[in-house]
Amino acid sequence: MPFDGQQIQEFYDEAEKIFQKNGFDLFVEIIPTGPRSIISLMGVFYDKSNPDQVARALNWCKEFRALCASKGYPPYRETLLGLNELFQDNSEYYKVIKQIKNACDPNGILSPGRTGKEFSQRGSP
């Protein structure tokens, strides 16, 4: 995210609406990465054993990801929920990641299927 107060405030105002709509408190951690950009960590805390909270958290995730995408802010760390979307929206990224995975793990023994995508040579057609 650009290290620009106005852009940051506008984004946080929009994000706060998504938090409130889904019944969560706004949580933000700002990490300056240099003179021109920041990493903004945002998330929700919920009880995984509570179906209502889980549903609200999933909805928050979907809406928040859409907001970030509309602003051109990629995720700092991708979750398992978003990996397939990440690969769908960026086939070149998937090709590069697959090449790296195949170079490091040609037999596909490290975390097979963890991401929902098959990266190893074994899974190639």
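Colleague: Glad to look at this with you! What share of the 125 residues in the protein is buried?

Modeller: Keep in mind that this is a predicted model. A residue is called buried here if its relative accessible area is under 20%. Among the 125 residues of the protein, the buried share comes to 26%.

Colleague: Thanks. Which pattern does the protein follow along the sequence?

Modeller: There are four helices and two strands to place. Reading along the sequence, the order is α-β-β-α-α-α.

Colleague: Now the interior. Which residues of the largest nonpolar core touch the most other members?

Modeller: This core has 18 residues. Elements that give two or more residues to the core are α1 (5–21), β2 (38–42) and α2 (51–71). As a general point, nonpolar side chains in soluble globular proteins tend to be buried together. The members touching the most others are Phe-11, Phe-19, Met-42, Trp-60 and Phe-64.

Colleague: Let's stay with Phe-64. Which residues does Phe-64 touch, not counting those up to four places away in sequence?

Modeller: A contact needs heavy atoms within 4.5 Å. With residues up to four places away in sequence set aside, Phe-64 touches Phe-11, Ala-15, Ile-18 and Met-42.

Colleague: There are plenty of rings here. Which residues do ring pairs link into a cluster?

Modeller: Two rings pair if their centres lie within 6.5 Å. Searching the whole structure on that basis gives seven aromatic pairs. The cluster linked by ring pairs consists of Phe-11, Tyr-12, Phe-19, Trp-60, Phe-64 and Tyr-73.

Colleague: Tyr-73 caught my eye. Is Tyr-73 buried or exposed?

Modeller: Tyr-73 sits in the loop between α2 and α3 (83–89). Beyond residues up to four places away in sequence, Tyr-73 touches Met-1, Pro-2, Gln-7, Phe-11 and Cys-68. Its relative accessible area is 14%, which is under the 20% limit, so Tyr-73 is buried.

Colleague: And how far apart in space are Tyr-73 and Met-1, C-alpha to C-alpha?

Modeller: Met-1 is one of the residues that Tyr-73 touches. Along the sequence the two are 72 residues apart, while the C-alpha to C-alpha distance is 6.2 Å.

Colleague: What about the cysteines: how many disulfides does the count come to?

Modeller: A disulfide needs two cysteine sulfur atoms within 2.5 Å. For Cys-61, the nearest cysteine sulfur is that of Cys-68, 9.5 Å away. Cys-68 likewise has the sulfur of Cys-61 as its nearest, at 9.5 Å. The disulfide count is therefore zero.

Colleague: Are Cys-61 and Cys-68 buried or exposed?

Modeller: Cys-61 has a relative accessible area of 14%, and for Cys-68 the value is 14%. Both values fall under 20%, so Cys-61 and Cys-68 are buried.

Colleague: Over to the start of the chain. Which residues is Phe-3 in contact with, leaving aside its neighbours within four places in sequence?

Modeller: Phe-3 is in the segment before α1, and with a relative accessible area of 44% it is partly exposed. The C-alpha atoms of Phe-3 and Gly-34 are separated by 8.4 Å, although these residues are 31 apart along the chain. Apart from neighbours within four places in sequence, Phe-3 contacts Ile-8, Pro-32, Gly-34, Pro-35, Arg-36, Ser-37 and Ile-38.

Colleague: One last thing: which residue lies over the face of Phe-24?

Modeller: For a charge to sit over a ring, NZ of Lys or CZ of Arg must be within 6 Å of the ring centre. At 4.9 Å from the ring centre of Phe-24, the residue over its face is Arg-56.

Technical notes: Residues numbered from 1 in each chain as written. Predicted model: local features only at pLDDT ≥ 70, side-chain atom pairs only at ≥ 80, totals over all residues. Heavy atoms only, no water. Phe/Tyr/Trp six-rings, centres within 6.5 Å; stacked < 30°, edge-to-face > 60°. Lys NZ or Arg CZ within 6 Å of the ring centre and 35° of its normal. Buried < 20%, exposed > 50% of the residue type's maximum accessible area, 1.4 Å probe, protein only. Core = buried A, V, L, I, M, F, W, Y, C linked by side-chain atoms within 4.5 Å.
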